[in-house]
Amino acid sequence: MQNLLHNLNPEQLAAVTLPAQSALILAGAGSGKTRVLTTRIAWLIQTGQVSPGGILAVTFTNKAAKEMMSRLSAMLPINTRGMWIGTFHGLCNRLLRAHHRDAGLPQTFQILDSGDQLSFIKRLLKANNIDDEKFPPKTLMYFINSAKDQGLRAAQVDAYDDFNRKMVGLYDLYDAQCQREGVVDFAELLLRTYELLSRNQPLREHYQERFRHVLVDEFQDTNDLQYKWLKLMAGAGNRRAGAVFAVGDDDQSIYAFRGANVGNMSAFEREFEVKNLIKLEQNYRSHGHILDSANILIANNSKRLGKNLRTDAGHGELVRVMEASSDIQEANWIIEEAKSLIREGSLRSEIAILYRSNAQSRVIEHALFTANIPYRVYGGQRFFERAEIKHAIAYLQLMDNPHNDSAFLRVVNFPTRGIGARSIEQLQDAARAQGSSLYAAVRHVGGKAGTSLANFVKLIEGARFETQNLPLPEMVKIVLDLSTLITHYQTEKEGADRIENLEQLVNAATLFVSEEGFGKEAPAFSGPASSAAVLLENGDGTAIIDADAALPTLMSPLSAFLSHASLEAGDNQAQAGQDAMQLMTVHSAKGLEFDAVFITGLEEGLFPHENSAQEESGVEEERRLMYVAITRARKRLYLSFSQTRMLHGQTRYNMRSRFFDELPEESLKWLSPKIQPSWFGNSKKSAWDDAPIEESNRIAQQMTRQSPSMTWRIGQGVAHPKFGEGVIVNIEGSGTNARAHINFGQFGMKLLDLSVAKLEKI
DNA sequence: CACGACCACATTTTT
DNA sequence: TGTGGTCGTG
């Protein structure tokens, strides 16, 4: 134990050894948050305060859950079993499998990922003759998900106008259809579990009694439903209440757009009567100037719990700032700087290039490609999202749950087997008439269509029969064969990669089986009755299995694997392993760290993004995003922006981001002359004027529209007494009629008479 | 049913 | 600009 606690700083130690009461840990970036979380668990167990089975630790990502798990098994020589560590969704899946009957779900319910959900909705709209212009599938999906994220069923949603009433109606239809097909979406996993536990008293009390310590990672990212879920799990307020140990950082809350509610942090403090609030402010990651920048920037936000990071690492290098004349020049500058870092011995994988939106990566990728520097882009397509994998999975889904119409439609004619649109239509009519799934309706379709459909059903049945006693990887192999997916891709020109991926699917199944303890031989699964894990009884004497029974007891290997495919989309394995520079959005950089970080495109409209600029809360979230970006850097930080940028096929003229004005002057080193607004006096010329003559001329030629005075040109920076700094974006008319569209950033776009407006060049 | 033409669309994302 | 989706034709 001495070992366990040694090397913790006083705040960390205090957090780890808190008494068994609810606590809120405000953990700044790079303050050793995961360490505190895992050490807390290990300490609780080692001091005998709780058995592993009394631990529930919740994360948002599989990666975080795995990280916690592996650190824990390094700390605790034996006991990681029995602890519940996982994502909200993973844990809910487990609970719903164990209690599927009480939750009103088939044992083999399947999980829709967001792609599946969208096509499901499109199908729903079509089946109900809804105009998808008036009710766009994406809008409906957003509507449904945000309702569920707030814990609301259709009946509970407040429909205040016709449009909303219609959406609510569609939400209801959607849920009914999901129920018929035996599928649940991501939000449903949580909502169902929540409803299950709130309605089922014995079950609720069982878990509340069991989980003495509930630990939550990234608490600032919880949505309303997740918060309610936690309250229920922990038994907040009742005799059985467990202690909730919530770790989060309000300054790193960047997911409001998907329902995260930072307000949960203060709600938690209040509702759980938190007496122990500990701030982890010692930063072990970044050098001084970088940390100062982060601190001073975030101080501009009003709604904060309040926190200031400090470091012992010394000031380190200044933050370098570059103003480029174009996005291309910006990219080239990054590459020059990166090259010199590499020359000085830096690893490429220790250099990250961050941007606000994915569209910005193209130019940078192009420059990297031209310079022959290996790079890796995050956020690409993941393994289980690839089309060929989805197809193979759909066959497996049909074998496990034939009522999954989405899976049916995906592969009924893929590879093609002569089942065209009209056959499908016939089938859909039959299914509607029968009130059944497509699969079940096949026998009601006659004629030629009926025959080919029946053959498809035979294919699925045959696959099921042939594989019923085989281990999962064998099963997958046979399905790939019987479905003729492999043969189909062999005839395709681009098929080689796809075949390779399909073969990887067999490997994935092998790996899954060994990791989840399904064993290589015949599946252990034989239904709940055989389980030794029966712990309690329902009122009517039926058994309830605790959901921590071994996975093979809760579900078949196939069901488990299909859940796994939905819940863990896998890596995007592009260029993995190589020493490559890292390109990603600021969002996906959260939780990572690098020796050197470039934050690019720091322009008004881009970062902060224009869509966020309407409300103050939007700007504050952008600022937190910037805070996250800055705190990714250990030793070197580079900030860049550009006067010109190609976006959506059009050249944009942006002003530099307001964030520059919120950073400490003394920590910055401007590599290009900083332009000062002229009314402050002490005006400096634009870096643009320092560009090589040819470049300036080229740009000038491109931008100049005839204007008799020739005084104003597009791209010219201007200063206005009221609106401050701006950039001329367009000029219309000429002579005394000439008017200019000027982008004043925070003041927006203005149309000003050039002969009247009091403009100064800057 | 495969392919090409055309059009709308374009923060951020994990489960 | 560049992609993804839908539609019409061979």
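Okay, before anything else, one definition: when I say polar contact, I mean a pair of N or O atoms within 3.5 Å. Keep that in mind for the DNA part. And this is a predicted model, so everything I say is about the prediction.

Let's start with DNA strand B. Here's a polar contact right away: a phosphate oxygen of DNA strand B sits 2.7 Å from an N or O atom in the side chain of Thr585. Thr585 also turns up among the closest residues to this strand, along with Arg356, Asn358, Asn413 and Ser612. In total, 25 residues surround DNA strand B.

Two other contacts to look for. At Asn62 the backbone does the job: one of its N or O atoms is 2.9 Å from a phosphate oxygen of DNA strand B. At Ser114 we're on the base side, with a side-chain N or O atom 2.9 Å from a base oxygen of DNA strand B.

So how much of what the protein approaches on DNA strand B is sugar or phosphate? Of the strand's atoms within 4 Å of the protein, 51% are sugar or phosphate, and bases make up the rest. As for the protein surface there, we get 16 polar residues, five nonpolar and four charged.

Now over to DNA strand C. The residues around this one are Arg362, Met646, His648 and Gly649. Sugar and phosphate make up 46% of the DNA strand C atoms that come within 4 Å of the protein. If you want one contact to click on, take Gly649: a polar backbone atom there is 3.5 Å from a sugar or linking oxygen of DNA strand C. By class, the surface by this strand has two polar residues, one nonpolar and one charged.

Right, on to the helices. Two packed helices are described by the angle between their axes and the distance between the axes. I've got three pairs for you.

Pair one is helix 3, residues 33–46, with helix 4, residues 62–75. Their axes come within 10 Å and cross at roughly 45°, so these two are oblique to each other. The crossing is right-handed. On the helix 3 side, the residues in contact include Thr34, Leu37, Ile41 and Gln46, and on the helix 4 side they include Glu67, Met68 and Met75. That contact has six nonpolar, four polar and three charged residues.

Pair two: helix 22, residues 472–482, and helix 26, residues 557–567. What's the angle here? The axes cross at roughly 75° and come within 10 Å, which makes the helices roughly perpendicular to each other. Leu472, Met475 and Val476 from helix 22 meet Pro557, Leu558 and Phe561 from helix 26. Count by class and you find six nonpolar residues, with no polar and no charged ones.

Helix 26 comes back in pair three, this time with helix 5, residues 88–98. The axes are 11 Å apart and the angle is about 155°, so helix 5 and helix 26 run roughly antiparallel to each other. This crossing is right-handed. His89, Gly90, Asn93 and Arg97 of helix 5 touch Ser559, Ser563 and Leu567 of helix 26. By class that's five polar residues, one nonpolar and one charged.

So if you take one thing to look at, take helix 26: its contact with helix 22 has no polar residues, while its contact with helix 5 has five. That's me done, thanks.

Methods:
Residues are numbered from 1 along each chain as its sequence is written. Chains are lettered from A and ligands numbered from 1 in the order in which they are written. This is a predicted model: local features need pLDDT of at least 70, side-chain atom pairs count only at pLDDT 80 or more; totals for chains, interfaces and linings use all residues. Side-chain values use heavy atoms; hydrogens and water are left out. Axes are lines fitted to C-alpha atoms, for helices over the stretch in contact, and angles run from 0 to 180 degrees between N-to-C directions. Helices (H or I, at least four residues) and strands (E, at least two) are DSSP runs, numbered from the N terminus. Angles under 35 degrees count as roughly parallel, over 145 as roughly antiparallel, 65 to 115 as roughly perpendicular and the rest as oblique. A crossing is left-handed if the near helix is turned anticlockwise from the far one by less than a right angle, and right-handed if clockwise. Contact means heavy atoms within 4.5 Å. Ala, Val, Leu, Ile, Met, Phe, Trp, Tyr, Cys and Pro count as nonpolar, Asp, Glu, Lys and Arg as charged, and the others, Gly among them, as polar. A residue is near a molecule or strand if one of its heavy atoms lies within 4 Å of it. A polar contact is a pair of N or O atoms within 3.5 Å; within protein, one must be able to donate a hydrogen and the other to accept it, and residues adjacent in sequence count only if both atoms are side-chain atoms.
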